[in-house]
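I opened a new notebook page for this structure. These entries record what I looked up.

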Amino acid sequence: MVSRMFRLETEVDKVRRDLLRSRLADTNAAASPVVAALRGTPGEREVPLHVWASDEAGELAGGLVGHTWATWLQVTYLWVDERRRGAGLGGRLLAEAERIARDERGCGAVRLETWDFQAPDFYRKQGYEVVCVIPDYPPGITEYTLVKRFRTNGFPANPLRARRQGGVSY
């Protein structure tokens, strides 16, 4: 017989959070051969990736904070001081993170989120494609998820897109 009595609690509990994370990882590995294959490998861990830019006085001019996981770079934060914007610093920070992810960590793609008032056009100019749009997140703002796939072995980053454009045949 299944009991239908449950006590729901709302406090922050790090021990139970870690137990939940562990049980979810086990459930995911049981359901997905890809996730299961990552278990116990270096690709299973999130590895921090930070790139910093300092000005002549040593002050923070900009930076990128993210991590690599399972052949992906996740960009969490990219910021450039307002006085430094428009000079290409954001593109340089992003390009360096992409280089490290691709060349040193074997990543094949990058993902990130940005809001409509931040930088979706900047990321498009850097070769990113919008894969998700969430209106009103938060209310009155639109969130974008963007992805960029790296070219590998001479093949285009996104072969389906290239095929639609008539540039590649397989």
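I began with the cut-offs: a residue is buried under 20% relative accessible area, exposed over 50%, and partly exposed in between. I noted that the model is predicted.

Entry one, salt bridges. I found 16 salt bridges in the structure. I looked up Glu 11, which pairs with Arg 16, the closest N and O atoms being 2.6 Å apart. Glu 11 has a relative accessibility of 45%, so I entered it as partly exposed. Arg 16 is at 40%, and I entered Arg 16 as partly exposed too.

Entry two. I looked up Glu 44 and found a salt bridge with Arg 39, with 3.2 Å between the closest N and O atoms. Glu 44 is partly exposed at 33%, and Arg 39 is partly exposed at 35%.

Entry three. I checked Arg 99 and Glu 104, whose side chains form a salt bridge at 3.1 Å, N to O. Arg 99 is partly exposed at 28%, whereas Glu 104 is exposed at 55%. I then noted that salt bridges with shared partners link Arg 7, Glu 9, Glu 11, Asp 13 and Arg 16 into one network.

Entry four, Thr 68. Is Thr 68 buried or exposed? Its relative accessible area is 6%, so I entered Thr 68 as buried. I placed Thr 68 in strand β2, residues 60-69. Leaving out residues up to four places away in sequence, Thr 68 touches several residues, including Arg 45, Leu 73 and Cys 107. Arg 45 is 23 residues from Thr 68 along the chain, and their C-alpha atoms are 8.2 Å apart. I also noted a polar contact between the side chains of Thr 68 and Arg 105, at 3.1 Å.

Definitions and conventions: Residues are numbered from 1 along each chain as its sequence is written. This is a predicted model: local features need pLDDT of at least 70, side-chain atom pairs count only at pLDDT 80 or more; totals for chains, interfaces and linings use all residues. Side-chain values use heavy atoms; hydrogens and water are left out. Helices (H or I, at least four residues) and strands (E, at least two) are DSSP runs, numbered from the N terminus. Buried means under 20% relative accessible area, exposed over 50%, partly exposed in between (1.4 Å probe, protein chains only). Contact means heavy atoms within 4.5 Å. A polar contact is a pair of N or O atoms within 3.5 Å; within protein, one must be able to donate a hydrogen and the other to accept it, and residues adjacent in sequence count only if both atoms are side-chain atoms. A salt bridge is a side-chain nitrogen of Lys or Arg within 4 Å of a carboxyl oxygen of Asp or Glu.
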